[in-house]
Amino acid sequence: MSNYNAPFEIHVHGQVLLRANVTFAQLQDALKPMWKYAGARSLTDGAKSSYEDEPGIQLDPHEHMLQMCWTVAGDDDFRQTLDEVCMNLNEIAEAGAAIEVTFYDSEFDEEEAAPGTSSRDDFVVLFVGPNPASIMQVQRDLLVQDVINLMERHFDGSELGGVVAEIDKLFTQRFDALVSSLEIGKPPRGSGGGFGSGHGGGRKPRHLH
């Protein structure tokens with residue numbers, strides 16, 4: 001479905017540690033919604049990014065690491081593709097991981113835009129993992145990193161132990177509630193589960209490698 005008139009350029013970025021026994025065929029099947037969306041007939045065919053300076057979708061067979069730095073032209077319906085891919089990766093992931101997805105508004109031009117208008121850019125962080133605990137661990141680590149980075153502008157890192165402890169307490173409460181309900185909540189669209197920037201503050205640059 002990839003085409004030059006698509007309203008978005010969609011960039012998928014992240015690393016996922018896979019189980020050691022996962023085969024290329026299993027990975028190809030797990031990522032099928034993505035490469036089919038790009039109009040490819042296989043993962044090998046669809047692994048290339050729209051940009052030559054991006055490595056695309058790669059598997060390090062020695063480290064069992066899936067690496068994604070991949071851009072495709074598309075629309076809002078790619079969100080459904082992402083949901084399917086994340087569910088599939090949960091089945092073959094060895095540990096929790098975060099996947100950043102950025103939607104760049106292809107039709108927005110900052111220089112020509114009328115005053116007061118803004119792009120439809122969106123940024124979301126998705127999480128995958130073999131179980132809810134591994135996913136929550138990644139969420140917790142990202143939140144701690146964000147909070148520490150913000151607060152170290154005003155406080156020494158050694159003063160922030162209590163803040164980290166409170167974050168851990170919140171995640172412990174969430175995990176206990178999860179165990180009781182046996183279901184994990186889905187982050188609101190565009191919020192990245194609290195770990196990402198939404199609209200405003202300038203356009204997010206593409207990943208360059």
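# Close-up views of a predicted model

**View A. His 64 lies in a loop between two strands.** The loop that holds His 64 runs between strand 2 (56-60) and strand 3 (65-74). The structure shown here and in the other views is a predicted model. Phi of His 64 is near 55 degrees, which is a positive value in a residue other than glycine. Most residues other than glycine have a negative phi. His 64 has a relative accessibility of 29%, so His 64 counts as partly exposed.

**View B. Two histidine side chains are joined by a polar contact.** The side chains of His 13 and His 11 are joined by a polar contact of 3.5 Å. His 13 is part of strand 1 (residues 8-17). With a relative accessible area of 17%, His 13 is buried; the cut-off for buried is under 20%.

**View C. Arg 79 forms a salt bridge with Asp 76**. The structure holds six salt bridges, and this view shows one of them, with the closest N and O atoms of Arg 79 and Asp 76 2.9 Å apart. Arg 79 is buried, at a relative accessible area of 16%. Asp 76 is partly exposed, at a relative accessible area of 31%.

**View D. Asp 105 forms a salt bridge with Arg 120**. The closest N and O atoms of this pair are 3.3 Å apart. Asp 105 lies in strand 4 (residues 97-105) and Arg 120 in the loop between strand 4 and strand 5 (122-128), so the salt bridge ties together parts that are 15 residues apart in sequence. Asp 105 counts as buried, with 7% relative accessibility, whereas Arg 120 counts as partly exposed, with 38%.

**View E. A salt bridge ties helix 5 to helix 6**. Arg 140 and Asp 168 form this salt bridge, and their closest N and O atoms are 2.6 Å apart. Arg 140 lies in helix 5 (residues 132-151) and Asp 168 in helix 6 (residues 161-181), so the parts tied together are 28 residues apart in sequence. Arg 140 is buried, at a relative accessible area of 19%. Asp 168 counts as partly exposed, at 29% relative accessibility.

**View F. Salt bridges that share partners form a network**. The network joins Asp 76, Arg 79 and Asp 122. Arg 79 also has a ring partner: the charged end of Arg 79 sits over the ring of Phe 103, 4.3 Å from the ring centre.

**View G. Tyr 37 and Phe 78 form an aromatic pair**. The count of aromatic pairs comes to three. In the pair shown, the ring centres of Tyr 37 and Phe 78 are 4.9 Å apart and the ring planes are at 70 degrees, so the pair is edge-to-face; the cut-off for this class is over 60 degrees. The pair links distant parts of the chain, with Tyr 37 in helix 2 (residues 32-37) and Phe 78 in helix 4 (residues 78-92), 41 residues apart. Both Tyr 37 and Phe 78 are buried.

**View H. Ring pairs link three residues into a cluster**. The cluster contains Tyr 37, Trp 70 and Phe 78. A pair of aromatic rings is described by the distance of the centres and the angle of the planes.

Key
Residues numbered from 1 in each chain as written. Predicted model: local features only at pLDDT ≥ 70, side-chain atom pairs only at ≥ 80, totals over all residues. Heavy atoms only, no water. Salt bridge = Lys/Arg side-chain N within 4 Å of Asp/Glu carboxyl O. Buried < 20%, exposed > 50% of the residue type's maximum accessible area, 1.4 Å probe, protein only. Helix = DSSP H or I, 4+ residues; strand = E, 2+ residues; numbered from the N terminus. Polar contact = N/O pair within 3.5 Å; in protein donor to acceptor, adjacent residues only side chain to side chain. Phe/Tyr/Trp six-rings, centres within 6.5 Å; stacked < 30°, edge-to-face > 60°. Lys NZ or Arg CZ within 6 Å of the ring centre and 35° of its normal.
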